Amino acid sequence: MTIDAPPTTGIVDDASGRLLEPEAKRNRAPEGPVKVVHAFWLAGMSCDGCSIAATGATNPKVEDLMTGIIPGLPKVILHHPVLSMEVGEDFTHAYELAARGELDAPYVCIYEGSIADERIAAETDGYFSAMGLSAIEGETGEAGKPMPTADRLAQMAPGAAAVIAIGTCATWGGIPAAAGNPTGSMSTMDFLGKNYRSALGLPVINVPGCPPIGDNFTETVAAILLFLQGMGPLPEFDELGRPAWLFSETVHRGCTRAGYYEEGVFAKEYGDKECLVEIGCWGPVVNCNIVSRGFQSHMGGCMASGGPCIGCTMPGFPDKFAPFYEAPPGSAVSSAASRTVGFGIRRLRALSNHNANREVRWDELYGGEVPSGWGEPENPGPLKKAVKFFYQKLQFSGDKKKPGRDDSDRWHTDMPPRARNMQAPHDVSGAAESEGRAREDVDETWERR
Ligand code: SF4
Ligand code: SF4
């Protein structure tokens, strides 16, 4: 086995000679004026879940952004405290170039985790979240001491093309800002203030979620990069800085269990397949696209895996949605209304559903009997026949002729009634035997004819 020597060529800082980014094996020249964009990841009061979610993204993948293989997009040089190969000063050097305005390419800052009030920790000569040593004086740090990531953000944010807060801790404060927190934790918006604007004139962009859907993040980055490249419009953000196309709908509107809610059928315990509102789902009032996007690779997500929505994408999470797993107070009115109306709707739909599960031929030729060997579907009684009659009257009112397969002339009614003359093999294990008898019956029938 041979081991490749460490790369020695790539993007090099002119002043220091440090290698900022090894040369990609597969070099492509991105279309558009911007060839390279640096992405500086900063972590505050975080569990690293957002990093894990982002690296699991598939549309697009982080790797696709970093290798510049997406048409039109510049290549992203990711500086990440966990993922980057460089350590120590070699790692923080590019952050300092950006903070001093000496980086020769545009950059974005990505903040994960909430931002602690470092002044509290500084009172005891400590820090809450730091990365590397201060090369320049920060608000709370001193040169040569661990540098709070909050200070790094404060220094880098004005020159950044965009500041993206990833995850609910960074977007609204999240769990570290919950009741009782001793750190004074706050969101990126709270930290940078209402008047903050990036070098492109953008306020903080928020991609919430605890953790966020990785694709929501990488898709937002890709949309911003297209804009930066002059190849796409400025993506639409809502009044809270969320990508509007991802967060304008509530969970409930796209939920796979919404049909149960509409028909007033609710889960009693975890593992039930029905609507989860009475065991704590806040989906009707929460902005999140997990039901349409899935969590990863368009798979999974809260309701798909049986979990009620606890509002993890929302400002005020977790306090505003506690206690978890109890019905939200507002749901009492709407679920009672669904129960009342849904009771009748559900029964009417069951009648129509019974009719929809019948092939026309069976009604026209076999008097409603279903030639199934798998069971004995119930023959329509007078009520179901009446419902079908009036339903079709309504369905085809105004048509000169009833469309569809109702013309029994084209069915060969003189065909040997293989199925009709035999006892349907409802017992599947005895199907072969039944089939054998049936074939003899049919053969006899043919001979008589
Ligand atoms: S599980 Fe939640 S989001 Fe889904 S239908 Fe019920 S209330 Fe709505
Ligand atoms: S459905 Fe609710 S709990 Fe699940 S990710 Fe979305 S906001 Fe969070």
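Modeller: A residue is buried if 20 or more other C-beta atoms, placed from the backbone, lie within 10 Å of its own, exposed if 12 or fewer do, and partly exposed in between. This is a predicted model, in which local features need pLDDT of at least 70 and side-chain atom pairs count only at pLDDT 80 or more, while totals for chains, interfaces and linings use all residues. Residues are numbered from 1 along each chain as its sequence is written, with chains lettered from A and ligands numbered from 1 in the order in which they are written.

Biologist: Is F91 buried, partly exposed or exposed?

Modeller: F91 lies in helix 3, where helices are DSSP runs of H or I with at least four residues, strands are runs of E with at least two, and both are numbered from the N terminus. Because 16 other C-beta atoms lie within 10 Å of F91, the class for this residue is partly exposed.

Biologist: Which residues does F91 touch, leaving out those up to four places away in sequence?

Modeller: Two residues are in contact if their C-beta atoms lie within 7 Å. The C-alpha atoms of F91 and P81, which are 10 residues apart along the chain, are separated by 8.0 Å. Beyond four places in sequence, the residues touched by F91 are S84, E86 and G132.

Biologist: Which residues of helix 5 are met by Y95, A98 and A99 of helix 3?

Modeller: Helix 5 is mostly covered, with 7 of its 8 residues buried, and the buried ones include T149, A150, D151 and L153. On the side of helix 3, the contact is made by Y95, A98 and A99, and their partners in helix 5 are R152, Q155 and M156.

Biologist: What separates the C-alpha atoms of E102 and A15?

Modeller: E102 lies in the loop between helix 3 and strand 5 (107-112), and it counts as partly exposed because it has 13 C-beta neighbours inside 10 Å. Although E102 and A15 are 87 residues apart along the chain, the separation of their C-alpha atoms is 9.5 Å.

Biologist: Which helix gives the most residues to the largest nonpolar core?

Modeller: A nonpolar core is a set of buried Ala, Val, Leu, Ile, Met, Phe, Trp, Tyr and Cys residues joined through C-beta atoms within 7 Å. The largest one has 89 residues, of which F40, V108, C109, I110, V163 and I164 touch the most other members. With 7 residues, the element that gives the most to this core is helix 8.

Biologist: Where does the proline that follows C210 lie, given that the peptide bond from C210 to P211 is cis?

Modeller: The bond from C210 to P211 has an omega near 0°, and a second cis peptide bond, from F317 to P318, has an omega near 10°. P318 has its place in the loop between helix 12 (290-293) and helix 13 (331-356), whereas P211 lies in the loop between strand 9 (205-207) and helix 8.

Biologist: What is the phi of H298?

Modeller: S297 and H298 are both found in the loop between helix 12 and helix 13. S297 counts as exposed because it has 12 C-beta neighbours inside 10 Å, and H298 is likewise exposed with 12. Neither residue is a glycine, yet S297 has a positive phi near 55° and H298 has a positive phi of about 60°.

Biologist: What share of the protein chain counts as buried?

Modeller: The protein chain has 16 helices and 9 strands. Among contacts between residues at least 6 apart in sequence, 68% join residues at least 24 apart. Of the 449 residues of the chain, the share that counts as buried is 36%.
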